[in-house]
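Me: Please take a close look at one part of this structure for me, the metal site. I am new to it, so keep the sentences short.

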Amino acid sequence: MEEIFGYLIKDLTFTSDLAENSNRLLIKHNRTRIAEHSQRVAKKAKILARQYGIDESLAETAGLLHDIGGVYPNDKRIEISKILKINILPEEEELPLIIHQKISVIMSQQIFNIQSPDILSAIGCHTTLKAGASILDKILFVADKIEWDQDGLPPYINEIERTVNISLELAALTYFKYLWNDSSKLKVIHPWLADAYSELSKK
Ligand SMILES: [Fe+2]
Ligand SMILES: [Fe+2]
């Protein structure tokens, strides 16, 4: 495990329950909002996994850990990413918020011993999605947007609840449409998001 993770888990007692452990880590570092959001996303991802016929436990694990990198504040994320030897894109340097998905991958591997490439892939693109996304990738992306981490209900909630019953691709597009409609939300366009959008909109 990376040395810098030592202080994160210092004095924490982990049990065999991942939901409990991820929750403890986030609460210890005063990330109550993320902790609560992650539990909701895990629950939603599990429901969507059942609906779309994939392993529910993979979806639940991905949901619980997707924002674990959010334990680091925005202004520390680039520094941490450099220590972790993460490939930092110019868009991420400009908007460090979006690099938490990559930090979450490494924390999931090293702190929580998650080695499933499927889970790690979903965690690693939950903010932006990516081209060639798997069903699990799309499920986590959509669950994260339905159970968002802001106050109140997302403005696109009715539309996404409707489209998610048609397909995960349409649900993802619902969210992209919301981003495009309010350019203030798009200070930076991550290349993975641009690729995912162009792929899905062609379908
Ligand atoms: Fe996130
Ligand atoms: Fe999230």
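Reply: Here is the metal site, followed by its setting in the chain.

This is a predicted model, where local features need pLDDT of at least 70, side-chain atom pairs count only at pLDDT 80 or more, and totals for chains, interfaces and linings use all residues. Residues are numbered from 1 along each chain as its sequence is written, chains are lettered from A and ligands numbered from 1 in the order written, and side-chain values use heavy atoms, without hydrogens and water.

Start at the iron ion (ligand 1). Its protein donors are Asp67 (OD), His100 (NE2) and His126 (NE2), at 2.0 to 2.1 Å. Donors here are N, O and S atoms within 2.8 Å of the metal (3.2 Å for Na, K and Ca); water is not among the atoms, so sites may look incomplete. Along the chain, the donors of ligand 1 are spaced D-x32-H-x25-H. His100 belongs to helix H7 (residues 100-110), while His126 sits in the loop between helix H8 (117-124) and helix H9 (135-146), so the pair ties together parts 26 residues apart in sequence. Helices (H or I, at least four residues) and strands (E, at least two) are DSSP runs, numbered from the N terminus.

Both His100 and His126 are buried, meaning under 20% relative accessible area (1.4 Å probe, protein chains only).

Now the second metal. The iron ion (ligand 2) lies 3.4 Å from the iron ion (ligand 1), and Asp67 coordinates both.

Last, the setting. An unreviewed UniProt entry annotates residues 34-149 as "domain: HD"; such annotations may be inferred rather than shown by experiment, with positions in the numbering used here and feature names shortened. Over residues 34-149 the chain is 64% helix and 0% strand. The end C-alpha atoms of that stretch are 7 Å apart.

Note on methods:
Buried < 20%, exposed > 50% of the residue type's maximum accessible area, 1.4 Å probe, protein only.
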